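These are my notebook entries on one protein. I set down each look-up in the order in which I made it.

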Amino acid sequence: MKRTILLLLSVIAAAGMMAQDENAVQNVSVMELDYMVKETPRSGVGEVASAILDVLADQTTTEEPGYTDALRASVIMALGNVRRFTVTDGRQVSPNENTNIIADGTINYISITRELKLASNKKDKIPQFYAQISLTLNLKDAATGTLLNSQVFEVNKSGWSWVNSNDTAIKNALESLRKKVEKFYNTAFPYTAHILERGVEKKDKQKELYIDLGAAHGLQEGTHFDVFVIGNIGGKETRKQIGRLKVKSVEGDEVSLCKVTSGGKDVKAALDAQQQLLIVSTD
C-alpha cells in the first residue's frame with residue numbers, strides 16, 4: 001500500500017496536471033535510449049586479481065551494445081501494454097500537439113556472462129550464459145519538458161537459471177524487463193473509479209459492486225482495485241485502504257461489475273455510513 005501511494009505522489013500528481021480527466025489516456029512518444037558504453041581496461045591491482053579469478057572460473061562477462069534496438073523495442077512493447085498509454089515510436093513519428101509524454105533514458109548496461117560448466121556426464125565442460133540489464137527510463141511533460149518520473153529497471157542473475165546461448169539469455173532478460181516496466185507504469189498510472197451501485201450483499205458483507213469504468217476505458221476482466229475510505233485531517237486528504245476488488249465482467253462503456261475479494265465487511269460498513277470511497281487499480 002505504501003508503495004502505491006508513493007507512486008501516486010511521484011507520478012500521478014504530475015500527470016494529473018496535464019489532463020482534467022483522471023483516467024485520460026496519455027499519448028507517449030518513445031525517443032532515444034542512449035547506451036553509455038563503459039571502457040573496461042583492467043589496470044588496478046584489484047581488477048587484475050578479478051580478471052585472474054574470472055579466468056580460473058572459466059567465466060567472462062562482456063557488454064553487448066548490439067542489443068540496444070532489441071531493448072528499445074521491449075520498452076516500446078511494455079509501455080504499449082500500459083492501459084492508459086498510447087505509444088508511438090519517436091524515431092518514426094515526430095511528437096506533435098497530441099503528445100502528452102516524452103519517454104527517453106539511458107541504458108546503463110546490457111551484459112552477458114559466459115561460464116564453462118560441467119555437462120551431465122561430469123567430464124566435459126559446456127558454455128552456459130545469463131544476461132543482465134539496467135535501464136534508467138525518464139518520463140517528461142511533452143509541453144514543458146518537466147521531468148515527471150525517473151525510474152531504474154534492473155534484471156540481474158537473481159532468479160534466473162543458466163541457458164545455452166547468448167540470444168536465449170538476452171531474450172529471457174528482455175522479457176523480464178518488459179514485465180517490470182509494464183507493471184510499474186500500470187501501477188503508477190492507475191485507473192480511479194467510483195461506485196455506481198451496490199451489487200450482491202450477504203449478511204454483513206458486500207460481495208459485489210458496480211463501478212464507473214468499462215469498455216470505453218479499456219478495462220478488462222481480472223483487473224484488481226484497492227478500496228480506500230477518503231478522510232480529512234487538518235485540511236489534508238487521507239486514504240485508508242479497507243478492501244480489494246476484482247473485475248468480474250465489463251457491463252458497458254462506463255460500467256463494470258466487481259467482486260469484493262477482501263474487506264467485504266468494512267466496505268459494506270463504509271457504504272452504510274455513506275463514507276466517501278475511492279477505487280484505485282493496482283495492476
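**Entry 1: Thr-223.** In which loop does Thr-223 lie? I noted beforehand that the model is predicted. I found Thr-223 in the loop between strand E11, residues 208-211, and strand E12, residues 224-233. I then asked whether Thr-223 is buried or exposed. Its relative accessible area is 2%, and I recorded Thr-223 as buried because the cut-off for that class is under 20%. I next looked at its side chain: a polar atom there lies 2.9 Å from the backbone oxygen of Gln-220. Setting aside neighbours within four places in sequence, I listed the contacts of Thr-223 as Arg-83, Leu-245, Lys-246, Val-247, Ser-281 and Asp-283.

**Entry 2: Pro-95.** I turned to another loop residue. Pro-95 is found between strand E3 (85-89) and strand E4 (101-118). Its relative accessibility is 37%, so I entered Pro-95 as partly exposed. Without counting residues up to four places away in sequence, I saw that Pro-95 touches Ser-29, Met-31 and Ile-102. I also checked Pro-95 against Ala-142: 47 residues separate the two in sequence, and their C-alpha atoms are 8.2 Å apart in space.

**Entry 3: strands E5 and E6.** How many bridges join strand E5 to strand E6? I recorded eight, between residues 125-141 of E5 and residues 147-155 of E6, and the two strands run antiparallel. Opposite Leu-135 I found Phe-153 in E6. The two strands form a hairpin with five residues between them. In the turn, I noted that Gly-145 has a positive phi of about 80 degrees.

**Entry 4: helices H3 and H4.** Two packed helices are described by the angle between their axes and the distance between the axes. I therefore looked up both values for H3 (residues 68-80) and H4 (residues 166-188): the axes come within 8 Å and cross at roughly 35 degrees. The crossing of H3 and H4 is right-handed. From H3, the residues making the contact include Leu-71, Val-75 and Ala-78; from H4, they include Leu-174, Val-181 and Tyr-185.

**Entry 5: the whole protein.** I closed with the totals. The secondary structure comes to five helices and 15 strands. The protein has 283 residues, of which 41% count as buried. About 15400 Å² is exposed, and carbon and sulfur atoms supply 50% of that area. Taking contacts between residues at least 6 apart in sequence, I recorded that 69% join residues at least 24 apart.

Notes. Residues numbered from 1 in each chain as written. Predicted model: local features only at pLDDT ≥ 70, side-chain atom pairs only at ≥ 80, totals over all residues. Heavy atoms only, no water. Helix = DSSP H or I, 4+ residues; strand = E, 2+ residues; numbered from the N terminus. Buried < 20%, exposed > 50% of the residue type's maximum accessible area, 1.4 Å probe, protein only. Polar contact = N/O pair within 3.5 Å; in protein donor to acceptor, adjacent residues only side chain to side chain. Contact = heavy atoms within 4.5 Å. Pairing = 2+ DSSP bridges. Areas by Shrake-Rupley, 256 points an atom, 1.4 Å probe, with all protein chains shown as cover. Axes fitted to C-alpha atoms, helices over the stretch in contact; angles between N-to-C directions. Left-handed = near helix turned anticlockwise from the far one by under 90°.
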